[in-house]
Every structure is written in structure tokens, then in C-alpha cells.
Amino acid sequence: MKRIDDIHELRTIQMGILDDVHRFCEAHGIRYSLSSGTLIGAVRHKGYIPWDDDIDIYMLRADYEQFLQEYHDSQGRYRVLDPKREQHYYYTFAKVVDLRTKMIEKETEGYEIGVYIDVFPVDYVTEDLKERERVFRLKKLLYKIRRCKISESNPLQSRLAFLCYRSLPVSVGLLNRWIERLIVRRQPTATLCHMTEAGPSIKGCFPVTDMEQTIDMPFEDRVYKVMAGYDDHLRRTYGDYMQLPPEAQRVTHKFEAYWL
């Protein structure tokens, strides 16, 4: 194997994945939007945030499920990893990986995965603010338990909490079903949120109207889709996102990647 040491080489691989996902979505009428730091990078830097080394996209739940069912790469370079279908899969959201590569990540504990981009579904959330708070608290707890059940390390940084969660008599499969019943709402509401991780908070919720339409936006030397209401979404989630963070927070993820 040949090690990938250069962040620019890593980004080139990620961009190749994003190109193919964009191609497929355009051909099949699937809506997506650059998201999170990738969206900030597109708006603020016209490409990657200078110290960033990953790519995130959002899809509405219906588009996400269609994408998982139908995505294929005719050249056999890329594959989508569906949390419901992958054995011993650590993550609770999809990734599209480059099958010619290998990433070694501490938190996946031996689960081999290629260089990837993250694909997150966004779900409808209740308009009842008290109920929304309850759902977010329970969501965070269930994800913490799941992470402990699937991990041999101590993701909570607390031995007592880790042992308590590890010893609970519930399977990862059962936790996945509980989480899905909690976060997936088929009845439309006026509000969306990324619900497939413990971390995203209520302040990350945004109006459906922000993502009803997508527009083209430059990213590096290409053009991809972003939600038309990107400014409203980013301000709700990050505040003044056009302001650079303090230098101490401009941290590149440590990666270990190889060509097979």
C-alpha cells in the first residue's frame, strides 16, 4: 500500500467521490446540499476551509433513502455504505467510499473503510418546543449508549458511564430501531434538523423553506448544489459564520490513508 500523506491528494480523492455523487443525483432527481464545514467553505472560501479535510452533504430523508437504494458507480470505484446493511458499521449515517483506498480511524476499531464523504439525512422535527427538547435529550442518550455498545474503547471518557452503558441488556440492532422510531418523522412539519448523531443541537434546526430549493455554488474549481436558504441555516447553526475562528480552533483532522 502507498500512504497518502498530502492533504491535497486526500481532497482530490474526496472531490472525485463528490463529483460522482453529484452526477448521480442530477441524473436521478435527488436533492442534496453541501453542509456543515463544507457549506461554510463554499460560501466563505469558495472551496475547502483551509484547514479542513472532509466533505459533508445533506439530503432530505426521502432523497437519502432513494440514494441508498439506487446509488451505483458504473466504473466500480465508489460504494455507498448504508448503516442498515453494513456489518459492524460504526456510524449512524451513510458514507460514500473510494474502494481503491483505505482509511484507518481510531474510532472505527478495525472496521476497514475507504476515503469517504459523509452523507447525512435531515428529518422533520416537531413544532412543539417542549417535545422537541425531550426528543433531543433522548436522542443524545440513545446515541451515547449505542456508541458504548459498539466500541471497545471509552468514548465517554468516563469509566463508570462506559461500563453502565456497555452492560445494558440491549443490542445495537434494537438501539438502531429505537433511534429510527424517534428521529424519523414521515409527516411533514415546518422544521428540519440533522438527527443522526448525538451532537447536533436544537439550534441547528432550520425551516423547511431553507432546503426546498437548491442553487449552484462554486466549490474549488467546480460547481455543486447548496440549499437556497444557506445563509439562514448557517447563521442559525453557527452565528457569524463569515468570521474566521480563533487560530487555536483552526485544526486539521489527523488522518491515515492509503492507496490499496
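**How do the axes of α1 and helix α3 cross, and within what distance do they come?** In this predicted model, the axes of α1 and α3 (residues 61-70) come within 12 Å and cross at roughly 110 degrees. That makes α1 roughly perpendicular to α3. On the α1 side, the touching residues are V21, F24, C25 and H28, and α3 answers with Q66, F67 and E70. Sort this contact by class and you get four nonpolar, two polar and one charged residues.

**Close-up of a little open sheet with three strands.** Read across it and the order is β1-β12-β6, with antiparallel pairing. Why is one side of β1 and of β6 left without a neighbour in the sheet? Because β1 (2-4) and β6 (101-103) stand at the edges, each has a single partner strand. From one strand to the next, the twist averages 30 degrees. Look at β6 and β12 (residues 257-259): three bridges join this antiparallel pair. One pairing to find is K102, whose bridge partner in β12 is Y258.

**Helix α1 lying across the sheet strands.** Here α1 (residues 7-28) lies across β1, β6 and β12. Compared with β1, the helix runs at about 90 degrees.

**Inside the largest nonpolar core, a group of 61 residues.** Which residues have the most contacts inside this core? They are V21, L34, I57, M59, F67 and V96. Helix α1 gives the largest share, nine residues. Zoom in on I57 and you'll find plenty of company: leaving out residues up to four places away in sequence, I57 touches L18, V21, Y32, S33, L34, S35, I117, D118, V119 and F120. There is also a second, separate core of 18 residues, and its members include Y143, I145, I183 and C205.

**Strand β8, covered on both faces.** In a regular strand, side chains alternate between the two faces of the sheet. For β8 (residues 191-194), T191 and C193 sit on one side, while L192 and H194 sit on the other. Are these four buried or exposed? All of them are buried.

**The partners of β8: strands β7 and β9.** Strand β7 (residues 116-124) pairs with β8 in the antiparallel sense, over three bridges. Within that pair, look for Y124 opposite L192. Strand β9 (residues 206-207) also pairs with β8 in the antiparallel sense, over two bridges. This time, the residue to spot is T191, which stands opposite P207 of β9.

Key
Residues are numbered from 1 along each chain as its sequence is written. This is a predicted model: local features need pLDDT of at least 70, side-chain atom pairs count only at pLDDT 80 or more; totals for chains, interfaces and linings use all residues. Side-chain values use heavy atoms; hydrogens and water are left out. Two strands pair if DSSP finds at least two bridges between them. Axes are lines fitted to C-alpha atoms, for helices over the stretch in contact, and angles run from 0 to 180 degrees between N-to-C directions. Contact means heavy atoms within 4.5 Å. A nonpolar core is a set of buried Ala, Val, Leu, Ile, Met, Phe, Trp, Tyr and Cys residues joined through side-chain atoms within 4.5 Å. Buried means under 20% relative accessible area, exposed over 50%, partly exposed in between (1.4 Å probe, protein chains only). Angles under 35 degrees count as roughly parallel, over 145 as roughly antiparallel, 65 to 115 as roughly perpendicular and the rest as oblique. Ala, Val, Leu, Ile, Met, Phe, Trp, Tyr, Cys and Pro count as nonpolar, Asp, Glu, Lys and Arg as charged, and the others, Gly among them, as polar.
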